[in-house]
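This report concerns one helix and a set of charged side-chain pairs. The sequence and the coordinates come before the discussion.

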Amino acid sequence: LGLGEPGNWPAAARAVAEWFPARLRALGIGIFNAGTMLGSAAAPPVVSFLTLNYGWRYSFYFTGAVGFLWLAAWLILYQPPHLNRWLRGSEYDAMKHEVQTPAETRPVKAGGLSWWEVFKTRECFTLTLARFFTDPVIYFVIFWLPEYLRKERHFDLAMVGQYASVPFVAGGIAYLLGGWLSGRLMRAGWRLPRARKFVMILGAAIMPVAILAPVAPTAALAIGAICFVTMGHAFWISNMQALPTDICRAGEIGTVMGISGMGGTVGGVLANFGTAWVVQHFTYAPIFAMAGLMHPLGVGIVCWLLPDRRFGERIGVRY
């Protein structure tokens, strides 16, 4: 799972860059991330049902098999627009002026930048650093929410399956809304950098509500506070993951997505060790406090290291 799953995100971002104009790319990012939230929302009830009725091994059999079904669908359905057999010629003619050219969708040939050279660019380094601090927040919700509800709110497995999906439903809606909002602002006349950053700031601004989760008097209010975490992260990441498609060369988008995703994963690994130690020796309160503050830090990094004037500079586009 660890080796195979991460390939989805660079591929998805590259697909969005190939099929969506700039004003709709955050919405495209939001749509595929809403899919991850839909899966995360479905997982607790499905896994708890399978575990309670058939044993824990069957939850692995089922979720693993679904991945192979999706792989088959992707191989059958996906091609860039100019090669896609499901797209009529008239449809491609109507969209080809707003999406990547056939030359831009081809694999990068020898002579391009190495992954290390790509990492050293300000654009890639900034996105990697920002995700190092912010991705662990959603990892915390995905991996630790069931245990928090069991240990601190005294839920049994059936109750976890019933209620742990609520924050992910809220996050799925916010992915679509956050992706739509930046495009709507651009259609209203906002420049692309300003629209992207505004939605990211909006998401970061609601994240500190997470600090209230461990002190909420009821489990319902605690889950409500955690909904602000998934919603704020959704606003943030739907535009954060659109940035490589805005500021990087076509052949570098997948590399930048992969490297920045690696930064988020490294942060998640370290945060997981830290979370376990803190929870064992103290309470969940410091963890929720950190979760509420990481996105304001991340948006500060992006605004500082990627001012508006640098957007499009690397690819020769003036937004």
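A residue is called buried when its relative accessible area is under 20%, exposed when it is over 50%, and partly exposed in between (1.4 Å probe, protein chains only). The model is a predicted one: local features need pLDDT of at least 70, side-chain atom pairs count only at pLDDT 80 or more, and totals for chains, interfaces and linings use all residues. Residues are numbered from 1 along each chain as its sequence is written, and side-chain values use heavy atoms, with hydrogens and water left out.

**Salt bridges**

A salt bridge is taken here as a side-chain nitrogen of Lys or Arg within 4 Å of a carboxyl oxygen of Asp or Glu. Searching the whole structure yields 11 salt bridges. Three of these pairs are set out below with the N to O separation.

| Pair | Closest N and O atoms |
|---|---|
| Arg 14 and Glu 18 | 3.3 Å |
| Asp 246 and Arg 25 | 3.7 Å |
| Glu 91 and Arg 88 | 3.2 Å |

Helices are DSSP runs of H or I with at least four residues, numbered from the N terminus. Arg 14 and Glu 18 both belong to helix H1 (residues 8-19), and because they are 4 residues apart, about one helical turn separates them. An α-helix has 3.6 residues a turn, so residues three or four places apart point the same way. Arg 14 counts as buried at 18% relative accessibility, and Glu 18 is buried at 5%.

Asp 246 and Arg 25 are likewise buried. Asp 246 is in helix H12 and Arg 25 in helix H2 (residues 22-54), so their salt bridge ties together parts that lie 221 residues apart in sequence.

In the pair formed by Glu 91 and Arg 88, Glu 91 is partly exposed, with a relative accessible area of 30%, whereas Arg 88 is exposed at 55%. Elsewhere, Arg 191, Arg 194, Lys 197 and Asp 308 are joined into one network by salt bridges that share partners.

**Helix H14**

Helix H14 comprises 21 residues (residues 285-305) and should span 30 Å at 1.5 Å a residue; the end C-alpha atoms are 31 Å apart, which agrees. The expected span is 1.5 Å times one less than the number of residues. At Leu 293 the helix bends by about 25°, and Pro 296 follows within four residues. This bend is the angle between axes fitted to the seven residues ending there and the seven starting there.

The buried residues of H14 include Ile 287, Phe 288, Met 294, His 295 and Val 302. Among the elements covering its buried residues, by contact (heavy atoms within 4.5 Å), are helix H7 (122-151), helix H10 (192-206) and helix H13 (253-281).

Methods:
Helices (H or I, at least four residues) and strands (E, at least two) are DSSP runs, numbered from the N terminus.
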